[in-house]
Each structure stands twice: as C-alpha cells, then as structure tokens.
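Biologist: I should like to go through this structure with you and ask how each description of it is justified. Please set every term against its criterion.

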Amino acid sequence: MSKKKNKTTFGTLSLAMFWLVVLSGVALAIPFDVKDPYLSISNMMVVNPWASFIRNYHYWSSQFFLIFSLIHLYEHYHYKGKIGLKKGLSFRLSLAVLIIFLAMITGFLLKGDADSQQARQILQTLTERLPLIGQSLAFSLLGAPESYQLIYVHHIATFTVFIAIAMVEHGRKFWPPALDFVASSAGLLIFSYFLSAPLHDNLNPAVKGPWYFVGFQEILHWLKHPEWSLFMFLAVLILVYLANSAKGKTMFLSKRSLLIFVGLYSVLTIVGLFFRGQNWKWTTPWSQEYKSEVLHNFRTPAVNFSPEFELNEALASPVIQGRKESCLACHTGTHGFTDSHRAEAVGCISCHSGNPFATAKEQSHRNMILIPGNLANAQQSCGTTQCHPQITERVPTGLMATLSGMISVNRFVFNEQDTPDERAHVTQLGNSAADEHLQNLCVRCHLGNPKTEPGPVNEFSRGGGCLTCHLNYSPEAEKELAENKGEIMRAHPEVSLKVTNNHCFGCHSRSGRISTNYEGWHETTLTKKEMPDSAHYRLIEGERVFVKKQEDVHHKLGLECIDCHHSYELMGDGNHYAHQENQQDVQCSDCHIDGEPRTIAAEDLDNESAIIAALRFGNIAGKKLLLTEKHKRALINTYVENDSVYFITKNSGKKMTMRAPAAVCSRNEAHSSLSCSSCHTSWAPTCIGCHNAYDANERGYNMIENREQKGTWVEYIGQYEAKPPTLGIRKSKDKTEVVPVIPGMIMTIDMKSYTGNENDPEIFHRLYAPTSPHTTSAKGRSCVSCHNNPVALGYGEGELNYVIANGKGTWEFSSQYAADPHDGLPADAWIDFLKTRTEKVATRSDLFPFDEQQQQRILTVGACLTCHDENSEVMQQSLNHFEELLKTRTQQCILPEWK
Amino acid sequence: MNDRRTFLKIALAGIVAFFVFIWNKLTLYHLKTTKQQRTTVPFTKNKEVFFADQYIIVTKNNATTVFSAHCTHLGCKIDKTEGDRLVCPCHGSEYDLQGNVIKGPAYKNLEVLPSQLSDDGQNIIIGA
C-alpha cells in the first residue's frame, strides 16, 4: 500500500477533481442566484466572462470527476481479482455512486433552463411513484415547483458531504497528490476556456437531459411504466455492491453484468445524443433539421474575456423572457418593430437564432438566420413554440406554397395524368416533360421560394415565406440598407399585419393577372420600345407593357386584397386543396347580403381571428361579425349593427356600408344559377394560340433550384386580349353555376423536342379555365352581351346573326379566326356553333361549356333581344315568366328553328 | 455483550425509523399546508388550446376542459400542439384535444382537472 501512496490513479484524479469542483462551486455561488438561476447564468455568460469561466470550470471538473470515478471503479474491477470490502463500506460506496449521480443531476437542474425544467419534472414524477415515501422523497429532494432552494441545498451540502465522507473513508485520503492536483487544474483551465458549459436558449423545441442520462431518457422513451426503470438503478447498485463485497462466481457475474450494462448503456447514450431530435423523434445527420435539433446542444463557444461591446450597453440591455441576450449589447437602438415584435419583448434570437450567450460577433452569429421567415426556417423563427407554431405548420399546406392547381393542370395538359384535379406539391416535382416545363417557366412564385437578399418587397419579388406578405421597410430602413457599408444597422424592417396590394403584386400580376386586372391594367404584347408615351400605359418589371382598362369597383373604393381575403384563405387552413378556388373562401354574397346575415359574436371568434381583429381594430367586444358561407370563417373587418352591415378597410380604416344585391340579382327566377362574377366581370384577359417547345441549346433557368441551366422549355405566346369573359357551367355536388371562363390553354406542345423521339406527337389542347378576373363592375353585363354574343357563348369572335327568311328564324355564325388544323374549330373557340363538346374541355373536371340545348335556350332569348330592347317591358316581364310570355307572342315574333 | 450489541442495533434502527417517520410526516404536512387549492387563470374563449404553464385549457364546441399540462408518462410539461395533437417534448407522447393518448410511451389520458368559469367569464378557476 505504501508504494501506491503517491501513484497517480483515476482515484487520485477523481479526488483532485472533487476538490476543484468544491472550490469552483464556492466561487460560482457568488454570481449564482438561486431565486432566478436561468437569468443569473445567462447574465454571467453575457456580462461577466470571469464568472462564466468559473462556471465552465465547475462544469468540467464535475464531468471529469464523474468520468474518473467511474473509470476508477472499473480499474478496481479489472485489475483486482477481488475487492473484498466490508459490507458496511461496500454499501456506502455503492450508495455513493447513486449520490454522485444525484449531485450531478441537481447541478444540471440548477441551470433552470428548458432542459433542466423537463429533467426536473421527470425526476419528480419518477420519485413520486416510489411506494410509501415517494411523495415525501420527491418534495424533500426538489422542493416546491418554482423554488430551487432545496435542490441547491442538496447540491452544495447533502450530496457533497456524503461524497466527501465516502471518498475519504474508502481512500483514507483527504488530499490528492500535488502533481495530480496541479495537472488536473491546469487541464481544466484549457477545457473551461475553450468549451462553455451548455445553457438552453429556451426556444429550441428539442430538450434533452445531461449526457449521462440521455441513455436513460432513451430507455424511458420505450417504457409505458417508467417507474420500472427504477429497478434498473436498484439492480446496478446491487451489482456494484456485490462486485465490491461478494466472492467467487457472484462477484464475477456481477462485474460481467456491469460491463455488459455499461456497453449497452453507451450505445443508448450515443443514440440519445446524436439520433434524437425534437419530441425525441429519430433523426439522422443528413436530415434538414439536424443542425437545429441536435447539433444545437453542442454549441459551446470559448470564453471571451474582452467582449465586443461596452459593459454598460450589455447591462442596459433588457431581460428577454427570463434571460439576458448578448445581441442587444451590440445592436443598440435597433428600432422599427411592431409592438409585438419589439426586441425588448421577443429579443433577437426568437427570429434570427444564433447564440444569445456568446459575446463575440462570430460566435454570436454562428447558425444565425439572416432572413427569418423563409419556409425552410419558419419553424425555427416565426413558428417557435411561443409565437406562431400553428401558422407555420399550415402555410406549407396552402395553395400558395403547394401550387397544386398549377402543377396538376400542367401535368394534365402534358397528358401525364388523367384529371387536372390531383393534389400536387411544388417540392415534389420530378423530371417529366410537364415538371421540367414548370421548373423552367412557372414555379418561381411559391412561398417556399426563399428570399435571399434583404430589401423591401417589390414587383420583382417572388416567394419568401412569411416575409412575402408581412415584410415592410420604412423609408428610413430602406435608405439605411441602400447606404450600408457594413456598419450595424439600426432601422429594422417591420414584420406586421400591414399586407398591401404591393405584397401580392409580384406573383399575382402574372398568369391570371388578378393584381393588374384589379387595378385596371391589361398586359399587351408590346415591347418596352413600342410603348406609347401615355398615362394609359404602364411598364411593369421594366419590360412588360400594360394598357389601362376599367379598374375593379372595389379598387376604386379603396379596398385592398386583404380586405376580402382572410388569413385562412391566404395562409391556408391546414387542408391540402387541389385548386385555388377550393381554398378560396370569400364569396360576393358573404358581404352583399340578401336576407338575414350569417354572423358570429366577437367572443366566439377563433383565436387567430380574435388576435388579428384586436390588433387591427382594438376592442371588438360585443360586435357581431359576418361569417363566410363556404368555410364558416369570420370576416373580422365587418360587423352587423341595427340591420346594417358595415365594412372597414384593414389598412386604412375606411368605414363603409355594404350594399345588398340588386333586386334583379336576388330573384329566384331566371338567372338564379348565375354566379355574381358571370355578370359583374367587366373584362378578363385572354390569351390564345401559345406554342411550347424545348430548346436544348437555349440558356434556361431551374426555378426550384434557382440556378441557370442549358436547355429549357420556351413558350411562344399568342395573342393577348381584354374582353368580357366567356361563360361556362361549373357543376359541384351542391350546385350548378354559370361562371366566367377564359381560354386558359389553347395551345400546342412539341413533345419530341423534349424527348428526342420523332414518334412523339404534338400535343394540342383546347381547354378553357375558370377565372376570377377581379374586374368587378357595379353594373352587370347587358342581356345582349351574353345572349347575342358569340364570345360569351364559347364560339369565339365572329358574326352571330339572327336571320329571318320565309317566316323562319335561324341563327348563323361566321368566325373571325380560321379553323385550326388540329380540330377544325376557330382558333379562339371553346365549342362548335350549336354543338355539344365533350371529353377534355377544361382545366377542371367539373367545368363544361354550354351544351346544345343550353345554347338553344340562350339564343332563343337572344332572338327576342334582336327586336326588343332589353329594358323594354316585355323583356323585363320575360325574366319572370318567359315560357308564358312565349305563348302570348304575336305572329311577328318568330322564334329560331333548330336543325 | 451480544445482548448489548443487539440492543444498540435495534435502538439505532429505531432512531433511524423514527427520523424517517418524522421526516415523512413533516414533509406531507408541509405539502398539505402549502398546497394551493385553487388557481385562477385568465380565460379566453377564442383560443382553442391555451397553454397556461401547469394547465392546458381546451375550448371546443363551447365546452372548456382543463387538463394538467404534465404528460402522464413522466410528467414533462406539454407546451405545444402539432395539428390537433398535444405533443410532449420529452419522449414524443401524443394526445388528442380530449386528452386521450394517441401515441405512447404514455398510456394514460391527460388528467382532467375540475374547473369552473368565473361569473364574468374572464377567468377560469382551476381546482376543487
């Protein structure tokens, strides 16, 4: 024994570590505040690097104390055939193993962060489930839920004293050899300087116990009755006891069992540490969330003794949700936020991530999200638990994120699927001709397309997740950004409810062009050079030339997009719809009410609507708000009072009284199956005769990967026109409705240019599409504009004449456009004159042109209108009793005859 | 000698048992006397699921139920939903909005706590 006295073993190193733990612990007690542990530790990390250093020292000395003690135990078992301790000592030593773990876990709990709080709950529940004394033991160990007093007492006294006694008793030493002490303390200096002890930022949803218990956490994850895991502890302690004091086979088996246990436990620890993410879900290093869910736990910046900010700035910076963040020590005076997003309220890391406890720029900004709100990071920024998790969960299912309709119709048109109504998602595009076509020409506009540069939303903007709609730069912020040369910016853009038409414009001025339609601009095929110098023309995106047309009546009144479209339409309601009109909720009749309004009391609003309403309009208590018919959502900017319906514009606060529909609209006779927009659409943009071919040599672009590529689909556009739309029939389960339609896809696709196979045919389609043109006029279409109009009926432009000869009336049509060689119909037609067209007719499977009978009925009225003015008494009467009136007609009234 | 040793052993065990008894009693009394019988939490009818620290208040179809926020598996505090499910951050147990377990390791439903609305409807009083 005497020879061994000064030999370095893991035992003596443990002893050295123990004293270093005690010493650093005493020093750490000075800045540590047991009343608010989390705040005091975050404070140390931000404003007191010396305290932070000593905390690291305490942390690392304790970790090494645990590790060395366990290795010490192993060494004894390995090198000594028999330990042969007396029963009493053996018992106390076995117990000491448990006590060491308790000392460690109480230290972990004293961080008071999210990890600690959940670990505390687990420890409490497990202890409480012990029979007889569970309740008392749990309380005696942990104390009252909000208090750390008892945990602190046990950590610094109860357990420490016990460990000290056990150590001295079995090692018969108070002091470690001087060399061990010096070497240990010097080694720890290096560790403590370079690797900070962990502290959870209380935002990241992934929570884990300390490294030595994640294996246990893994076991708990499997157990329905976690209290059974306590038997495991008991078994290990008994094995340690037997290994220490038993003889022969029992001792050998105990040692072997312990070894196997440690091996298995190590595997579980690795699984828990590296393969478990949020909600203890299995994750792998190549998953997208690995960095934020797993590696997050290992960020340990070095101690920075000369922070890159003034101490006074750090001291003056606010406490944010119970912690000190270092961000605002440098980024002082940052302003421009809405109240709810003020840095004093949510801090910086809630949105921008990074390390709030680091004190140097590089460390603080590591893993930072420069532009939060992109869908790829929205879960970690806008969608963190305390903020908008429900919204970021449903936005990716909404149409603006999936582009389902666009993708599905395109695949249908390329004959890659049988119906245009499959549900699709832009993140699941493949390499087919249709998908390549989409990636080259169409899918830049989706919410998942990331915003990569700071700056305000403009007509060139595409995508950007939450920022697409919610980002607003003040003139000051815009100026500061433009003039910035690398210095810290103070004017922060605002993320707010102020969603203006400009936010929608970038994407919605394309394809259906509802943004430009709404403002009364129609795209022409003119080039920039050909654009006349006139206020009637407007250049968009620097090259597209638009001409002035009639604006939407709602635009004239000052309504913006969001005045009609509510949050569940725009951000999705969690359902994955096939087409935009399925997700779209608001209908004209929701506001222009005929009869009793559907209302909801403000007190019964869903949370999201209630918050938005409160933010926009203040106290809405007691108000009755309108409810949509289709999805039963509240229209928060409306209310019903004294039989009147009021409407308030969301951004400008203009109050208006809603008008009920005209009597002609609400009769339940003729025209009852017409949608409002079939009459009240003043014009719609149309495009015919477009051709698509793949050019392998042309420079193109992949809109999903956002990179240039060689080879692209090219679209050769046809003719653009603005005119009152054609009408078609939409049949759903509940109703059959006449709706406006436009020639969505009268087009050819050169398939062989893509496949290279000469046998591939040229695809031709003559499909019309439903449209919601957003060119509403207060006055509806005239009777003749439908009944006597070949475009409205689907024949295309041309002469539609009612010819009476020899007492017989016949309708005749001669088209303006030549017959298309593919199907013999005029280039712009939907249907052949007075014929029923079937098969592939529209970009929806529930949309149809008028059939022969329907055309005949419409044209019968059209025949009357060739003589009678539409405002004449007889025509007005005909609206109610057409069939009866026909019976009383004179001989001069000649009705059409049909072949 | 043996008698003396036996006596001392028994006496020692007795003293330990006595202290354990006293400790158990005093702790239980302490718990009993300091336990808050009722808690009042501000109530908002608009919010379908409201996480109020120790409680989850679910308002659906005009009925309000208060659940203990502690997962029945190991007591971790549940603080978020994923879709219509309450998800425990520790081991991934899931419950529906009626508090029923959908996914383990938990197997018991969330504890429903007695509660009532205050007269003005602004607060919810939790506890018997």
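Modeller: Strand S12 (residues 644-648) of chain A and S13(A) pair in the antiparallel sense, with three bridges between the two strands. Please keep in mind that this is a predicted model.

Biologist: What makes S12 and S13 of chain A a pair?

Modeller: Two strands pair if there are at least two bridges between them. S12(A) and S13(A) have three bridges, so they meet the criterion for a pair. One of the bridges links A:Phe647 to A:Met656, which lies in S13(A).

Biologist: To which sheet do these strands belong, and in what order do they stand?

Modeller: They belong to an open sheet of three strands in chain A, ordered S11-S12-S13, with antiparallel pairing.

Biologist: Why are strands S11 and S13 of chain A called edge strands?

Modeller: Strand S11 (638-641) and strand S13 (655-657) of chain A each pair on one side only, and this is what the term edge strand expresses. From one strand to the next, the twist averages 30 degrees.

Biologist: Which other sheet of chain A has three strands, and how are they ordered?

Modeller: An open sheet with antiparallel pairing has the order S5-S7-S6 in chain A. Strand S5 (521-523) and strand S6 (537-540) of chain A each have a single partner strand, so one side of each has no neighbour in the sheet, and both stand at the edges. Neighbouring strands of this sheet are turned against each other by 35 degrees on average, direction ignored.

Biologist: How do you know that S6 and S7 of chain A pair?

Modeller: The criterion is again at least two bridges. S6(A) and strand S7 (residues 544-548) of chain A share four bridges in the antiparallel sense, and therefore they count as paired. A:Tyr537 has A:Val547 of S7(A) opposite.

Biologist: Let us turn to helices. Why is helix H6 of chain A called roughly perpendicular to helix H7 of chain A?

Modeller: The axes of helix H6 (residues 134-142) and helix H7 (residues 149-171) of chain A cross at roughly 80 degrees and come within 6 Å. Angles of 65 to 115 degrees count as roughly perpendicular, which makes H6(A) roughly perpendicular to H7(A).

Biologist: Which residues meet where H6(A) touches H7(A), and of what classes are they?

Modeller: From H6(A) come A:Ser140, A:Leu141 and A:Leu142, and they meet A:Leu150, A:Ile151 and A:His154 of H7(A). Divided by class, this contact has four nonpolar residues, two polar residues and no charged residues.

Biologist: What makes up the contact of chain A with chain B?

Modeller: Chain A gives 32 residues to the contact and chain B gives 28 residues. On the side of chain A that touches chain B, helix H5 (114-128), H6, helix H9 (214-222), helix H18 (389-394) and helix H31 (607-617) each supply at least two residues. The largest share, six residues, comes from H5(A). By class, that side of chain A has 14 nonpolar, twelve polar and six charged residues.

Biologist: How many transmembrane regions does the UniProt record annotate in chain A, and where?

Modeller: The unreviewed UniProt entry gives the annotation "transmembrane region" to residues 57-77, 89-110, 150-168, 175-195, 228-246 and 258-275 of chain A. In the model, residues 57-77 of chain A are 100% helix and 0% strand, with end C-alpha atoms 30 Å apart. Residues 89-110 of chain A are 95% helix and 0% strand, and their end C-alpha atoms also lie 30 Å apart.

Biologist: What does the UniProt record annotate in chain B?

Modeller: Its unreviewed entry has "transmembrane region" for residues 6-28 of chain B and "domain: Rieske" for residues 53-124 of chain B. Residues 6-28 of chain B are 100% helix and 0% strand, with end C-alpha atoms 32 Å apart. Residues 53-124 of chain B are 0% helix and 42% strand, with end C-alpha atoms 14 Å apart.

Biologist: Into which domains is chain B divided?

Modeller: The domain assignment gives domain 1 (1-35) and domain 2 (39-126) of chain B. The centres of these two domains of chain B, taken over C-alpha atoms, are 41 Å apart.

Note on methods:
Residues are numbered from 1 along each chain as its sequence is written. Chains are lettered from A and ligands numbered from 1 in the order in which they are written. This is a predicted model: local features need pLDDT of at least 70, side-chain atom pairs count only at pLDDT 80 or more; totals for chains, interfaces and linings use all residues. UniProt positions are given in the numbering used here, feature names are shortened, and annotations may be inferred rather than shown by experiment. Axes are lines fitted to C-alpha atoms, for helices over the stretch in contact, and angles run from 0 to 180 degrees between N-to-C directions. Angles under 35 degrees count as roughly parallel, over 145 as roughly antiparallel, 65 to 115 as roughly perpendicular and the rest as oblique. Two residues are in contact if their C-beta atoms, placed from the backbone, lie within 7 Å. Ala, Val, Leu, Ile, Met, Phe, Trp, Tyr, Cys and Pro count as nonpolar, Asp, Glu, Lys and Arg as charged, and the others, Gly among them, as polar. Domain bounds come from an automatic or database domain assignment.
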